[in-house]
Amino acid sequence: MKICVLNGSPKGMESVTMQYVRFLELANPGHTFTTENIGQRIAAIEANEEEYKKVIASIDAADAILFATPVYFMLVPAQLKRFIELLFSHNARPSFFNKFAASITTSIHFFDHTANEYLHAIAEDLGMHWAGSFMAGMNDLLGEDCQEQLLRFGEEFFWLAEKKPQLQRTYPPLRPVNREYQSAGIPMPLDCGDKKIVILTDAGPGTNLERMTGRLASLFGRSASIVPLDDLKMKGGCLGCCACAFDNTCVYTDGFCEEWETSVLSADIIILAGTVKDRYFSAEFKQVFDRSFYRGHVPVMTGKTVGILAQGPYSWCSTLREVLHAEIALQGAALAGTVTDEEEISFATDGRIDALALRCLHLAKSGCVPPAGFPVIAGMKIFRDAIWSEMRPFFRADHAYYRAHGLYDFPQNDYSRRIKTTLFGILLAIPQVRTQVRKDMKQNIVRPLQEALKTSRVLRRHADQTRAGRE
Ligand SMILES: Cc1cc2nc3c(=O)[nH]c(=O)nc-3n(C[C@H](O)[C@H](O)[C@H](O)COP(=O)(O)O)c2cc1C
């Protein structure tokens, strides 16, 4: 069987992920593996039609497709994303049709599921059947358990690719958005106070997104600046070299980092105005996120407000939503809302844009950043453990930040809680105590919270302030 490996790593064959592919290759000498280093060669593939055709020829000749890629910002690297866009714009579906596809990703398991969900959905959009994902941790291949499972994963993939059972699609096809949005006049600017707003956009001229962005910018008046992605001066995608880990300095000297800090991170309200291409924002947007990796694994938008404007079938792209919502929360920001151009009537879209502007300003003034739940808590624990256990010799800037901000909050360091928990465990070994505790379980759980309501200084301060405001 012929397998075409689409390698998303900008590091080419020196990639961690490709060692997993090499393992499969060594274990299966009866199958032929052809690797296309998409992530490394995207500039040539995009610029030179012959290079693109060579890749398509490999895909045509293959019986099955294996996506092998690192996870970058919860998805695939921008370079692979760009290649996927080229596949759709060149109508390459016939080259993939009815083949089986699988993915191997390596990462530190931070949102690797979303990267694989994205590839799964894209494979189905290209007319392929999905054989599954192998989501490895970077160094899992060092262990025999992983190697055994990788062997089985390969067997399963080859078996499916050969037998071609007719599997049901998981992701329904996207519904393209064909309606034109027109803003009904230019709205009056709102009172933005001292808030600075930036609208980061990849809107093309004459598009719905450009018109939506224009309306939102008018609402913010002089407090807003529109920053097209081109103004961020990126010369290329993240190379994955991790040289930035030591002191947050990127190897590129194209001016992106300065623009990112001064134009975007300095704002109080950040609007992401993006075009949905396939099932994510454009590769250019993805490249911005990838390049922002130089700031490491620390929140850089603490207390800020973020709004989203989207052109295209945003409401059908669950992975895109999950990724953006989680990323905004992880950066320490609050999401004010999203407006898309999917609504039939422009007037309704106008109303939503106006409401988004109001909500952004209200949130920015109130400073409300509610706890975001599982993705942030789980994500921060993954970062904390990974930085502490292995990455801190290189990711020195992250290590310093985690120490300074008390982010090394391992439960085993909380000695008073540990002592209390141990003593409580001993007490509960006494049958009479256990019977009583079981009986009062509900009250025991809620009592400390009820106490907190009685003694809350915040509530008292708030009541004083409300009273003073009335007088
Ligand atoms: C720009 C960038 C973004 C990353 N984003 C993630 C991420 O979102 N989740 C994760 O678990 N690992 C992330 N990583 C870690 C890589 O996925 C990991 O190092 C991978 O094994 C590299 O594979 P490669 O050598 O094949 O390129 C990121 C690394 C870089 C350089």
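Biologist: What percentage of the 471 residues in the chain is buried?
Modeller: Happy to help, and please keep in mind that this is a predicted model. A residue counts as buried if 20 or more other C-beta atoms lie within 10 Å of its own. By that cut-off, the buried residues of the chain make up 41%.

Biologist: What radius of gyration does the chain have, and what would a compact globule have?
Modeller: The C-alpha trace spans about 80 × 70 × 45 Å along its principal axes. A compact globule with 471 residues would have a radius of gyration near 23 Å. The value for the chain agrees with that, at 26 Å.

Biologist: In what order do the five strands of the open sheet stand?
Modeller: The pairing in this sheet is parallel. β2 (32-36) and β5 (129-137) each have a single partner strand, so one side of each is left without a neighbour in the sheet. Neighbouring strands are turned by 20 degrees against each other on average, direction ignored. With β2 and β5 at the edges, the order is β2-β1-β3-β4-β5.

Biologist: Which residue in β5 is the bridge partner of Ser107?
Modeller: Strand β4 covers residues 100-107. This strand pairs with β5 in the parallel sense over eight bridges. In β5, the partner of Ser107 is Gly137.

Biologist: Which strands of the sheet does helix α7 touch?
Modeller: Helix α7 is made of residues 144-163 and packs on the sheet. Its direction makes about 170 degrees with that of β5. The strands touched by α7 are β3 (64-70), β4 and β5.

Biologist: Are α1 and α7 roughly parallel or roughly perpendicular to each other?
Modeller: Helix α1 (residues 16-27) packs on α7 with the axes 10 Å apart. At this contact, Tyr20, Phe23, Leu24 and Ala27 of α1 meet Gln147, Leu150, Leu151 and Gly154 of α7. The crossing is right-handed. The angle is about 65 degrees, and α1 and α7 are therefore roughly perpendicular.

Biologist: How many of the nine residues of helix α10 are buried?
Modeller: The buried residues of α10 (residues 283-291) are Ala283, Glu284, Phe285, Lys286, Gln287, Val288, Asp290 and Arg291. They pack against α4 (78-89), α9 (256-265), β8 (269-277) and β9 (280-281). Helix α10 is largely enclosed by the rest of the structure, because the number of its residues that are buried is eight.

Biologist: Is Arg215 buried or exposed?
Modeller: Arg215 is found in helix α8 (residues 208-220). Not counting residues up to four places away in sequence, Arg215 touches Ser183, Pro187, Asp350 and Ile353. There are 24 other C-beta atoms within 10 Å, so Arg215 is buried.

Biologist: Where in the chain is the place of Met128?
Modeller: Met128 counts as buried because it has 21 C-beta neighbours inside 10 Å. Leaving aside neighbours within four places in sequence, its contacts are Ile65, Phe96, Lys99, Phe100, Ala101 and Ala123. Met128 sits in the loop between α6 (112-125) and β5.

Biologist: How far apart in space are Met128 and Ser95, C-alpha to C-alpha?
Modeller: Along the sequence, Met128 and Ser95 are 33 residues apart. In space, the separation of their C-alpha atoms is 9.8 Å.

Conventions:
Residues numbered from 1 in each chain as written. Predicted model: local features only at pLDDT ≥ 70, side-chain atom pairs only at ≥ 80, totals over all residues. Pairing = 2+ DSSP bridges. Helix = DSSP H or I, 4+ residues; strand = E, 2+ residues; numbered from the N terminus. Axes fitted to C-alpha atoms, helices over the stretch in contact; angles between N-to-C directions. Contact = placed C-beta atoms within 7 Å. Rg over C-alpha atoms; globule rule 2.2 N^0.38 Å. Buried ≥ 20, exposed ≤ 12 C-beta atoms within 10 Å, placed from the backbone. Parallel < 35°, antiparallel > 145°, perpendicular 65-115°, else oblique. Left-handed = near helix turned anticlockwise from the far one by under 90°.
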